[in-house]
Amino acid sequence: MRNHLFIVSIVALFPAALLAQIRGNLTVSGRANLPYTFSDATGNQWQVYPQGFLRQAGNNPLFGQAAMLIVNGNTPSAGGAANLASIDQQTGELVIDNLRAGNITITRRIQFNRTDGWVRYVDVFKNSTGQDQSINLQYNSSYNFGVQNAVPVYDPSNKDHLIGAAVMMQTGRAVFETFAGKGAKTIPQINPQPNNNSMQAAMQLTVPGGKQVALMHLHGTSATAESAAQQIVAFKEGKIVSDLPLELRKSIVNIAGTQTVGDREILRGDMLDVVELRDADQLKGNVAESSYKLDTFYGPIELPADQVVGLISVGQYRPRQLIITSNGEVFGGTLSKDSITVEMSTGQKTNVPLTQISRVGYRKRSSEPQEWTLDKPMISLRSGERLMIALPGNPIEIMTGLGLLKIPPQSIASISFQPEEPGVHQIQLIDGSQFSGVVTADSFQFQLAGAASQQKVTINSATIERITLAAKPAEVDDDTTPLLRLTNRDQLVGTLSGQLQLETRFDKIAIAAGSLRSLTHSPQTPLDVQATLWDQSTLGGQLLESVIPFTATSGMTINVPVAMLQSYSNPQSRPGDAAADKIKEIIKQLGADDWKTREQAEAQLVQMGPNIVPVLKDLMTSQSPEAKLRIESILTQLDPKRAKPAPSGGGE
């Protein structure tokens with residue numbers, strides 16, 4: 001059995017008999033005593049104890065314990081009245097909200113499915129601090145009877161992901177537990193305990209500062225392990241979470257994300273398309289539209305219906321339509337038609353006026369992705385639209401503290417037109433550089449590349465929220481990335497170039513910029529700088545240059561004023577010409593006839609440190625076999641991550 005387990009859950013219905021049973025557990029209005037007992041229609045008697053763990057009672061109870069939560073190695077502490085819970089009047093869930101683990105507060109929401117014998121948990125972890133918190137979670141379960149056989153259930157869309165397991169007991173009934181949903185990215189690990197009737201599911205969860213993250217898991221019984229496995233695969237995640245508030249659904253990380261546009265949820269059909277009216281009535285059938293022609297403020301758009309998944313009407317007096325496509329694009333405007341044609345299951349066609357429509361949702365198509373990746377070049381507008389675009393052909397001009405920069409689109413990761421600091425735009429390059437500036441263009445012409453492929457639009461810069469041209473910029477690693485930080489808080493990834501003249505107390509020193517390991521301004525006297533060279537030599541003084549050439553890793557070249565330089569570091573600095581000549585002379589000795597000379601030369605090069613690695617690599621190909629082996633040995637000693645080299649030529 002593979003060590004992964006997914007979290008899945010179920011939405012229960014609450015008929016009058018069920019609500020009567022819930023009311024029977026209440027002590028005062030909305031409150032419930034723990035242990036809390038619930039009997040379902042399949043013969044299960046469930047009991048929830050303080051801290052929210054689950055047991056079964058009655059005849060032949062299969063679960064001795066389930067949903068026992070351990071956080072960072074300990075059971076969460078209960079504040080206040082540990083034996084009291086409440087009932088959510090909207091969903092019927094039993095809610096335990098007095099648990100704490102360090103800076104994390106925990107709410108356990110438990111719902112019983114009366115008809116099918118399932119119990120759904122939604123565990124909500126809230127971080128009250130401003131810093132991200134990482135917690136280790138573990139769920140423990142144990143069974144009262146011997147295990148006859150187990151059926152693992154994998155995500156149909158990813159055969160490497162185990163989404164649940166059904167276990168047949170020797171009593172003739174099965175139990176099942178699931179800890180994620182189909183298409184989920186957050187995946188716990190399952191650790192079955194050999195030779196005994198227990199199970200553990202564990203994961204590391206990061207809760208962002210000031211936010212909440214939720215997990216769902218389900219525990220239940222069935223006639224056979226095979227029937228339970230079939231039910232797990234048949235779960236519809238949209239229905240599973242439909243009774244929960246939208247904000248809570250959006251915080252659940254171990255099922256495929258809820259599809260929304262802003263604060264509006266996208267409607268989807270199951271077997272049929274759905275048209276939802278403003279009075280909440282729904283018409284089901286086939287939406288009989290071949291395309292959607294939309295008049296937008298950036299030009300007319302036509303979208304083929306087979307690439308549309310939903311429509312949302314917004315606005316009370318003059319409704320505007322948002323059209324959502326299968327790849328996650330959102331187009332906003334006014335439809336050329338004033339109605340939507342629906343073919344009912346009876347065969348009758350009816351035209352539903354747009355003024356009466358709240359949402360339209362197509363049934364899910366087999367070709368659709370589990371979730372939107374949104375990893376193509378894209379433009380997001382302040383009005384909520386997002387459009388996939390072809391990469392622009394011309395440089396984008398940006399006025400910055402370093403002057404006017406003309407940046408090739410292929411070097412740009414993103415431009416935020418609505419950052420926290422008003423009046424400026426925030427630019428991020430693919431190499432990890434980040435800086436502020438103002439995009440000078442009043443408007444942009446884009447060629448669309450998604451559902452409205454090949455159509456051209458003109459978009460005013462004032463309407464743009466963000467342009468994203470690369471999915472993910474490179475990560476900045478202080479140990480390996482050359483980085484220039486400026487006094488205006490910009491940071492640029494790349495290297496200084498050219499020759500620098502440093503006037504010290506005793507002499508004027510010429511320094512090749514490529515040999516600088518670091519350069520910083522003195523906090524006491526801003527005109528003074530402290531330079532550290534590749535060999536750890538340090539020099540203080542004043543630079544005679546007013547600007548220094550800088551080449552970004554993404555290819556952009558800039559002249560940086562020395563007055564704006566706050567700090568510069570280059571872990572990849574390399575020896576200057578004089579030092580490189582000395583290294584070449586020592587390398588010649590690696591192939592000497594005398595083994596002592598070879599050993600001495602190798603030791604001398606190792607002592608020079610990692611910054612000679614580029615020089616060694618440049619010179620390696622032209623060396624003798626003996627020298628190549630010794631250079632490989634030196635590289636391995638200077639960089640332990642390299643593969644272990646073959647033995648170098650030894651002594652006599």
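## Report on a predicted model

Gly-43 sits in the loop that runs between β2 (36-39) and β3 (45-48). The model described here is a predicted one. With a relative accessible area of 62%, Gly-43 is exposed. Its C-alpha lies 82 Å from that of Ala-601, and 558 residues separate Gly-43 and Ala-601 in sequence.

### Loops and backbone geometry

The loop between β1 (31-33) and β2 contains Pro-35. The peptide bond that joins Leu-34 and Pro-35 is cis, with omega about 0°.

Two residues have a phi that calls for comment. Asn-60 is not a glycine, yet its phi is positive, at about 50°. Asn-60 belongs to the loop between β4 (54-57) and β5 (63-71), and its relative accessibility of 55% makes it exposed. Arg-489, also a residue other than glycine, has a positive phi near 75°. The loop that holds Arg-489 connects β40 (483-486) and β41 (491-496). Arg-489 is exposed, its relative accessible area being 71%.

### Residues in strands

The table lists four strand residues with their relative accessible areas.

| Residue | Strand | Relative accessible area | Class |
|---|---|---|---|
| Arg-120 | β10 (residues 118-127) | 0% | buried |
| Lys-284 | β21 | 45% | partly exposed |
| Thr-325 | β25 (residues 320-325) | 1% | buried |
| Ala-413 | β34 (residues 412-416) | 1% | buried |

Arg-120 is a buried residue in the model, with a relative accessible area of 0%. Between the C-alpha atoms of Arg-120 and Leu-218 the distance is 4.6 Å, although the two are 98 residues apart in sequence.

Ala-413 gives a further pairing across the sequence: Leu-429 is 16 residues away along the chain, and the C-alpha to C-alpha distance is 4.7 Å. Beyond neighbours within four places in sequence, the contacts of Ala-413 include Gln-428, Leu-429 and Ile-430. Ala-413 is also in contact with Ile-467, Thr-468, Leu-469, Ala-470 and Pro-473.

What does Thr-325 contact, leaving aside its neighbours within four places in sequence? The residues are Gln-307, Val-308, Val-309, Phe-331, Trp-372 and Ala-451. Thr-325 counts as buried because its relative accessible area, 1%, is under 20%.

Lys-284 is partly exposed at 45%. Leaving aside residues within four places in sequence, Lys-284 is in contact with Leu-272, Asp-273, Val-274, Met-344 and Ser-345. Val-213 is 71 residues from Lys-284 along the chain, and their C-alpha atoms are separated by 34 Å.

### The largest pocket

The largest pocket holds about 1200 Å³ of space. Its lining is made up of 32 residues, of which Glu-237, Gly-238, Lys-239, Arg-268 and Asp-270 are the closest to the pocket centre. Two or more lining residues come from each of α3 (237-240), β20 (273-277) and β21 (282-287). Of these elements, α3 supplies the largest share, three residues. By class, the lining consists of 13 charged, ten nonpolar and nine polar residues.

### Nonpolar cores and helix α7

The largest nonpolar core has 91 residues. Which of its residues touch the most other members? They are Tyr-292, Leu-519, Leu-605 and Leu-616. A second core, separate from this one, has 43 residues, among them Leu-62, Ala-67, Ile-110 and Ile-135.

Not counting residues up to four places away in sequence, Tyr-292 touches Val-287, Ile-301, Glu-302, Leu-303, Ala-305 and Val-308, among others. The remaining residues touched by Tyr-292 are Leu-311, Ile-323, Leu-335, Ile-340 and Tyr-362. Val-308 is also in contact with Thr-325.

Leu-616, named above among the core residues, is also one of the buried residues of helix α7 (residues 613-620). The others are Val-613, Val-615, Leu-619 and Met-620. These buried residues lie on the same side of α7 because they cover an arc of only 160° around the axis. In an α-helix there are 3.6 residues a turn, so residues three or four places apart point the same way.

How values were computed: Residues numbered from 1 in each chain as written. Predicted model: local features only at pLDDT ≥ 70, side-chain atom pairs only at ≥ 80, totals over all residues. Heavy atoms only, no water. Buried < 20%, exposed > 50% of the residue type's maximum accessible area, 1.4 Å probe, protein only. Helix = DSSP H or I, 4+ residues; strand = E, 2+ residues; numbered from the N terminus. Arc of directions from axis to C-beta. 1 Å grid on protein atoms, 1.4 Å probe; cavity = no way out; pocket = protein on both sides within 12 Å on 5 of 7 lines; lining within 4 Å. Points joined across faces, edges and corners; volume = space filled by probe spheres on them. Nonpolar A, V, L, I, M, F, W, Y, C, P; charged D, E, K, R; others polar. Core = buried A, V, L, I, M, F, W, Y, C linked by side-chain atoms within 4.5 Å. Contact = heavy atoms within 4.5 Å.
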